[in-house]
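Good morning, and thank you for coming. I would like to take you through a structure that will be new to most of you, beginning with one of its elements and then widening the view.

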Amino acid sequence: MASSRRIGGVTVAVRLYDSRVPRVADPDQRRAQIARAFQRLLAAEGVAGVSFSRVAAEAGVSVGLIQHYFAGKDELLHFAYDDAVRRMSERVRKRVREGSAAGLQVAQVLLDSLVELLPLDDEREVEYRVRQALSAQALHHPGLADVARRAGGDLLGYVTLAVENGKKRGEVDSGVDAVLAARMILATLQGLADQVAFSGADAFSARDVLRPVVATVFSGRGDAHDR
């Protein structure tokens with residue numbers, strides 16, 4: 001069953017789980033089920049509006065079961081943040097694998113993978129709101145701050161490596177500072193994600209905004225066998 005909530009002019013889809021869940025379940029699946037319910041509520045209403053009782057109702061489980069897997073709200077916050085970051089990373093890796101298998105240039109693979117991080121559908125809209133809400137909490141929460149730093153570092157490392165690979169293939173000028181270039185691309189990506197979230201996924205072509213920024217760094221044509 002599904003419902004939706006409209007927040008700041010944006011509709012966030014919320015799936016309501018059937019309460020008839022199996023009595024025996026894999027612990028990892030249970031944690032993920034609870035975390036996804038928490039994420040949907042967090043995306044719709046913010047941290048202050050989420051309680052164990054509301055998460056339990058959304059996930060179709062008991063409060064006692066949530067307490068069995070999570071000692072408190074802080075632990076659930078940490079797990080939910082980590083889960084959102086992990087799913088985001090999985091989509092990026094999938095795009096990289098597909099692009100590499102298709103023989104695409106590094107710039108195209110990078111563009112395709114970064115677009116996965118924009119809130120362009122219901123799933124990514126929830127993830128964006130979760131990341132934003134928990135990033136704000138991370139300013140005062142050491143555990144969440146560790147997740148945020150690790151996620152930011154991993155993303156910076158990925159884009160930096162893409163720029164370095166672009167140099168090897170002749171797509172990026174050899175004199176380009178890969179880390180600074182990566183930070184420029186990611187700064188644009190974050191601002192673009194904010195615009196998409198507030199304007200709506202159909203308001204403009206986010207890919208068309210991001211493409212020339214990537215092209216600023218990947219200004220070469222690449223080796224002949226890559227074209």
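**Helix 4 and its surroundings**

Let us begin with the residues of helix 4 that are buried: Leu76, Leu77, Ala80, Tyr81, Asp83, Ala84, Val85, Arg87, Met88, Arg91, Val92 and Gly99. Please keep in mind throughout that this is a predicted model.

What covers these buried residues of helix 4? The cover includes helix 1 (27-45), helix 2 (52-59), helix 5 (106-115), helix 6 and helix 7.

Next, the length of helix 4. With 29 residues at 1.5 Å a residue, helix 4 should span 42 Å. The C-alpha atoms at its ends are indeed 42 Å apart, so the expected span and the model agree.

Let me turn to what flanks this helix. Before it, Gly72 sits in the loop that links helix 3 (63-69) to helix 4. Is Gly72 buried, partly exposed or exposed? Its relative accessible area is 21%; buried would require under 20%, so Gly72 counts as partly exposed. Gly72 and Phe52 are 20 residues apart along the chain, and their C-alpha atoms are separated by 8.8 Å. On the other side, helix 4 is followed by Gly103, which has a positive phi, near 75°.

Helix 4 also takes part in the largest pocket. Which helices each supply at least two residues of the lining of that pocket? They are helix 4 (73-101), helix 6 (122-138), helix 7 (142-168) and helix 8 (178-199). The volume of the largest pocket is about 390 Å³. Its lining consists of 16 residues, and those nearest the centre of the pocket are Arg131, Ser135, Gly152, Leu155 and Gln190. Sorted by class, the lining comprises eleven nonpolar, four polar and one charged residues.

Finally, the protein chain as a whole. Its secondary structure amounts to nine helices and two strands, and along the sequence these follow the pattern β-β-α-α-α-α-α-α-α-α-α. Of the 227 residues in the protein chain, 42% are buried. Among contacts with a separation of 6 or more, 67% are between residues 24 or more positions apart. The accessible surface of the protein chain is about 11,600 Å², and carbon and sulfur atoms account for 53% of that surface.

To close, I would return to helix 4: its buried residues are covered by elements that include helix 6 and helix 7, and those two helices, like helix 4, each supply at least two residues of the lining of the largest pocket. Thank you.

Notes:
Residues are numbered from 1 along each chain as its sequence is written. This is a predicted model: local features need pLDDT of at least 70, side-chain atom pairs count only at pLDDT 80 or more; totals for chains, interfaces and linings use all residues. Side-chain values use heavy atoms; hydrogens and water are left out. Helices (H or I, at least four residues) and strands (E, at least two) are DSSP runs, numbered from the N terminus. Buried means under 20% relative accessible area, exposed over 50%, partly exposed in between (1.4 Å probe, protein chains only). Contact means heavy atoms within 4.5 Å. Accessible areas come from the Shrake-Rupley method with a 1.4 Å probe; for residues, only the protein chains shown count as cover. On a 1 Å grid over the protein atoms alone, a cavity is a set of points where a 1.4 Å probe fits but cannot get out, and a pocket is an open set with protein on both sides within 12 Å along at least five of seven lines; lining residues have an atom within 4 Å of a point. Grid points are joined across faces, edges and corners, and a volume is the space filled by probe spheres set on the points. Ala, Val, Leu, Ile, Met, Phe, Trp, Tyr, Cys and Pro count as nonpolar, Asp, Glu, Lys and Arg as charged, and the others, Gly among them, as polar. The expected span of a helix is 1.5 Å times one less than its number of residues.
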